[in-house]
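Dear colleague,

I am handing over the structure below, and I would be glad if you could look through it alongside these notes.

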Amino acid sequence: MDISAKTSIDPVCGMTVKLGAGKPTLKYKGDDYHFCAQRCHDRFDADPWFFLSGDNKRQVKTAPKDARFTCPMDPEIIQDGPGTCPICGMALEPMGGVPDGPNHELIDFTRRFWVSMSAAIPLLILTMGPMLGLPIREWLGETAARYLEFALAIPVILWAAIPLFARGWSSIKTWNLNMWTLIMLGVSAAFGYSVVALFMPDVFPELVRGESGHVPVYFEAAVVIIALVFLGQMLELRARERTGDAIKALLDLAPKTARRINKDGSEYDAPLENILVGNRLRIRPGETVPVDGIVVEGASSIDESMITGEPIGVEKSEGASVTGGTINQNGALIITAERVGAETTLSKIIDMVSNAQRSKAPMQKLADRVAGYFVPAVVGAAIIAFFAWSVFGSEPSLIYAIVSAVSVLIIACPCALGLATPMSIMTATGRGAHMGVLIKDADALEQMARVDTLIIDKTGTLTEGKPVLSDVVSFGKISEDELLGIASALEQNSEHPLADAIIKGAEERNLSISTLKAFKAITGKGVQGTVKGKEVGLGNAVMMEHLGASGDIDGDEITAIRATGKTVMFVAVDGKVAGMIAVADPIKQTTADAIAELHASGLRIIMATGDSEATARFVGKELGIDEVHAGLLPEAKKELVDSLRAKGRVVAMAGDGINDSPALASADVGIAMGSGADVAIESAGITLLKGDLAGIVRARNLANATLSNIKQNLFFAFAYNAVGVPIAAGILYPITGMLMSPMLAAAAMSLSSVSVISNALRLRTTKI
């Protein structure tokens, strides 16, 4: 670089930098580089090769996930930047699920809470002191004490409570009546009445003024209500942050850097955002795999519990795929990055969890309908209580009327009702992600708890989906190895899973694969060709008929092998059936126990497979499956789902292939095995990162626990209001001779929301 030049180009941002102007500089491999700002200097210093190689120009910039905000209770509300929900008044949260930086609403509310408390405590001492034997009002004088109460209340009402009043006023303007409506009305009534009573006592009847001429005031009630509301909001905000812990934990799985091997042979830890597709990365023992990729060198054991829930290490060698966020246990690996940034499996998991947490469950519709009528009903109840006490109450009836009306407005908080479902859904989807159960939306979770029929594919769901060679039987003088060699020669150009099993079986026996000539494939039957001058063929019984090969293909030995669920293929040599090769698809080790647990949970289990009748029947009998449907095309699987739903069954369909996607989309709940095709995963409401039935058991248990938790929350919210409103209105006054204080009503209101959230958070530790 020509350091005598008057200007230089910033290698990071491309801006022209004037030399000698005090701008940051850095020497790298003998050359001086100049930067427009310290930020560009630091980015270059962290990864020089990225900018000098031009890779920075290939980098795809994506919008930050937290750029848009939404409401946890009303997910249809989406806007750029933070704010409050116009429907419920709650603070909007980043759509990425995790706030970037501190929670400013929590900080602000905490500050306002302490200001409110600093006024509430002396107010309580002033008003409650005489009851405790403290003659404070006598020392000050009644008039001075009342004006002091007013002075203490002013900063709380005119400053601290502004956000609460703003939300209440917004709810009235938009006619989305909610908890803030009630709080604003209740506090305004208590404070407004007290101001009139302090400055214009003559407007009240003489009986209300009493012998001293003073009308009772409730400044302390208004202030303490505000303080308790802020306390409840602080507790609620902190609890809501905990529902995002699952996403935070997932984000923490990805390392911040990756050790890139540059094209010039150098290597160093580069920022993860600078890693591009095709980069070669070194992963040392104990390190976390930074991105999804393919092993190109080395061998190791990878802890994939992040995506499978199983802590057992998975062996990886050249050609194996690895997933970002998993942990390299022992050996050293070099991988080629295949998916980076938002395309990695981990990023997609985070997106799916975040989207599911914002979705609404069908049960929430009930709560929404009730909440829509709730606030007007509460205002009506407060008005009725006011007039009932004014007309029929004992003296001072007007005071009792105001106290009861304010208490009704304050205690009847619809927030608990609104939070009941979304808090449970948010917690459950996070818990599911850590168990390898990804939930696309709340509807799928709720429906999963109601499912009574489970349809499952065989290959890849009940079985490993990776056929292995099981039997080689010669019918004549030809040896088994020679028979297998001919079969492997015929299948060497095929991509069929059965062909792969035959070739691997030959490799395990160290057999050399002969050259094949005149290859020809017969659709639905088999293949034929010439090997070492002999006319050979491989396929099913129909293929043998096509070739005109003579020999017994229905013997007892063949029948016995077929009865064990194995796929039988015959080998013909020069017009004769020379032998038989059988391939088996082993049943997964976890399948039998999972089937038993699913049966115990009340599910009827049906197998729907495109495989042969004999194989399907064997697997079905082996596992105790209730119904077996074999030889089904994709359309037939969908028709089976539709027919069961038409009979009133709630159907879940589990599968992993493209052929399963129509049935997955048609079922009440589609369950995709994460090891399967992308289209199957897109068609499903639930995805199991580890493709076995044990994941369905976990999904079912999680769904049941979540639905139970939602019902508990809704019952608590309904019961709380059903009991609280009449008590606040004074229904117990004839028995106890006391009315509920507005302060106690505020405490109960705050406690209801916190209780609902705390109950939802139990899902984090519930045994699934």
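What follows is a short account of the nonpolar cores, one helix and a surface patch.

This is a predicted model, in which local features need pLDDT of at least 70 and side-chain atom pairs count only at pLDDT 80 or more, while totals for chains, interfaces and linings use all residues. Residues are numbered from 1 along each chain as its sequence is written, and side-chain values use heavy atoms, with hydrogens and water left out.

The largest nonpolar core (buried Ala, Val, Leu, Ile, Met, Phe, Trp, Tyr and Cys residues joined through side-chain atoms within 4.5 Å; buried means under 20% relative accessible area, exposed over 50%, partly exposed in between, with a 1.4 Å probe and protein chains only) has 67 residues, of which V187, I226 and I411 touch the most other members. Helix 9 gives the most to this core, with 13 residues (helices are DSSP runs of H or I, at least four residues, numbered from the N terminus). Leaving aside residues up to four places away in sequence, V187 is in contact (heavy atoms within 4.5 Å) with I157, F165, A222, I225, I226 and I410. Another core, of 46 residues, lies apart from it and includes L598, M607, A654 and A705.

Helix 16 (residues 442–450) is largely enclosed by the rest of the structure, because seven of its nine residues are buried, among them E446 and Q447.

By contrast, L132, in the loop between helix 3 (104–128) and helix 4 (136–140), is exposed, with a relative accessible area of 68%.

With best wishes

Conventions
Helices (H or I, at least four residues) and strands (E, at least two) are DSSP runs, numbered from the N terminus.
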